[in-house]
Amino acid sequence: MLGKVLTFEIEWFDKESNSTAAICSRLATEASKVRSLICDRLALLAQVLSGATLAVILGLSLAWRLASLIIALQPLIIGCFYARGVLMKSMSKKVATAQNKSSDLASEAVVNHRTITAFSSQDKIMELFEDAQKDPRSESQKQSWYAGSGLFVSQFLTAANAGLIFWYGGRLLYHGQISYKHLFQTFFILVTTGRVIAEAGSMTSDLSKGIDAIKSVLVILERKSKMEPDRSDGIKPQNINGYVELKEVDFAYPTRPRQVIFTCLNLKVEAGKSLALVGQSGSGKSTIIGLIERFYDPLKGSVEIDGVNIKMYNLRALRSHIGLVSQEPTLFAGTIHENIACGRKNATEAEIIEAATIANAHEFISCMEDGYQTYCGERGVQLSGGQKQRIAIARAILKNPAILLLDEATSALDYRSKSHVQEATEKMMVHRTCILIAHTLSTIQNVDSIIVIENGRVVEEGTHGELLSKGEKGAYCSLLRLQNNETVEMTTPKINM
């Protein structure tokens, strides 16, 4: 199920019903329910059916008169045990539901214990917890009355059934129509079978849940991805030059079909050249990166690499030649060595160190106590932003891609970290096609071409010098002036009068 999910296109994950939490819940619960249904519940049903059939045959062959009475009373016996099982399950479920609020509060308190300790709010949290326990306490007391009454009736009828059976069995013994041995054999065979049937019946809700889980799992297993990553007839290039072109592209995100991002967008990057995309937030810069990676397909037009529509490529083979360093780099809960090694299978130790050196990461990694075996923590929380970014760059360098995509790799870093990351990215850009999204315009002055995008359209294109020559009315100059004003405001000290 997990393997199938990982083949789906990004569009599928954008839907609210397929959020990260929902998918993790399905993997954790529904797959387990299917296993439980097939392995446990169906096995129990087979056991109950075979056991009940054998019990009836044995009972009638040993003492048919007594067996007939017990069989006639079986619905009552089964009903008593079934009611008791369902009642106990229902009670525990309702109490658990009532305790959700207090459980959520306790969970939040444990997660945020540093903040609680800092503000000495332990007493306040305990007061809130006590208040949250009032409803569960009253619900538990109410349920205990229902459960006590139901269990009393169930136990009474069970004992009454046994009393009636032994009374009738005694009459048969008195008249010599049955032996002591057959009396007890028939009683235990049929009464015990009734309990087993009742226990199986109490799991009818589990069966329905299991059936629903099977439907949900089969929907995933039988679904075919719109972008099959391993098309057998797709082109598998050994090497690519890196010529990228977007032709007459129209695009809108599937989750927001009415909000058109691009209309007849044309963009071209020569092989081995660098291109910077600049513009205000929401203009469509990151969307271009997504189209080149084929996270999405355009509504109209085409995205081509080396003159071939990317839909014709084997997607996994194509992406092996594309490197991506995003604004928020994703590190996995492993060591630094393992995270860099994700860039390419079977990479040697020397290649990993070389990639880290080019990315300006080897120095800080070597200074750590465990070096490359340093644990990054979940999502890299043990590392700073600049360190995570340089590790992500090292991972991309190890991949040695023909096309490099940089999505605002330095926007959220301090000046010192930004200079290290900027130096690393400049080393990466040599002899490969590079498309970068720039937040700080001073970092892109040396690229081969700059494109200014506004509202999904290319409004200006040229080198840094060519765009500046257009004067203050130009879009690039306006962005540069606005950014310089913001920098001055941030660095000018405010004097309180």
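A residue is called buried here when its relative accessible area is under 20%. By that criterion, F251 and Y253 are both buried in this predicted model. The two rings form an edge-to-face aromatic pair, with 5.0 Å from centre to centre and 80° between the planes. F251 also serves as a way into the first sheet, since its bridge partner in strand 2 is F262.

That first sheet is open and consists of four strands in the order 2-1-4-5, with antiparallel pairing. Strand 2 (260-269) and strand 5 (308-309) each have a single partner strand and stand at the edges, so one side of each is left without a neighbour in the sheet. Strand 1, which covers residues 244-252, is joined to strand 2 by six bridges in the antiparallel sense. Helix 10 (residues 285-292) packs on this sheet and touches strand 1, strand 2 and strand 4 (300-305). The direction of helix 10 makes about 115° with that of strand 1.

Turning to the second sheet, six strands are arranged in the order 6-7-8-3-9-10; this sheet is also open, and its pairing is mixed. Strand 6 (322-325) and strand 10 (457-462) are the edge strands, each pairing on one side only. On average, neighbouring strands of this sheet are turned by 15° against each other when direction is ignored. Within the sheet, strand 3 (residues 274-278) and strand 9 (residues 449-454) run in the parallel sense and share four bridges. One residue to look for here is A276, whose bridge partner in strand 9 is I450.

Helix 10 appears again at this sheet, where it touches strand 3, strand 6, strand 7 (403-407), strand 8 (433-437) and strand 9. Its direction makes about 145° with that of strand 8. Helix 15 packs on the sheet as well, in contact with strand 6 and strand 7, and its direction makes about 180° with that of strand 6.

What of the nonpolar interior? In soluble globular proteins, nonpolar side chains tend to be buried together. The largest nonpolar core in this model has 39 residues, and V278, I340, I365, L436, I444 and I450 are those with the most contacts inside it. Helix 15 (residues 385-399) gives the most to this core, contributing seven residues. A second core, separate from the largest, has 31 residues, among them L267, I289, I292 and I453. For a closer look at one residue of the largest core, I365 is a handy choice: apart from its neighbours within four places in sequence, I365 is in contact with I336, I340, A356, G371 and Y372.

Aromatic rings offer a further set of landmarks, with a count of nine aromatic pairs. One tilted pair is formed by F166 and F184, at 6.0 Å centre to centre and 50° between the planes. Because F166 lies in helix 7 (residues 122-174) and F184 in helix 8 (residues 180-201), the pair ties together parts that are 18 residues apart in sequence. F166 counts as partly exposed at 32% relative accessibility, and F184 is likewise partly exposed, at 40%. Ring pairs link both residues with F187 and F188 into a cluster. Elsewhere, an aromatic ring meets a charge: the charged end of R223 sits over the ring of F8, 4.7 Å from its centre.

How values were computed. Residues numbered from 1 in each chain as written. Predicted model: local features only at pLDDT ≥ 70, side-chain atom pairs only at ≥ 80, totals over all residues. Heavy atoms only, no water. Core = buried A, V, L, I, M, F, W, Y, C linked by side-chain atoms within 4.5 Å. Buried < 20%, exposed > 50% of the residue type's maximum accessible area, 1.4 Å probe, protein only. Helix = DSSP H or I, 4+ residues; strand = E, 2+ residues; numbered from the N terminus. Contact = heavy atoms within 4.5 Å. Pairing = 2+ DSSP bridges. Axes fitted to C-alpha atoms, helices over the stretch in contact; angles between N-to-C directions. Phe/Tyr/Trp six-rings, centres within 6.5 Å; stacked < 30°, edge-to-face > 60°. Lys NZ or Arg CZ within 6 Å of the ring centre and 35° of its normal.
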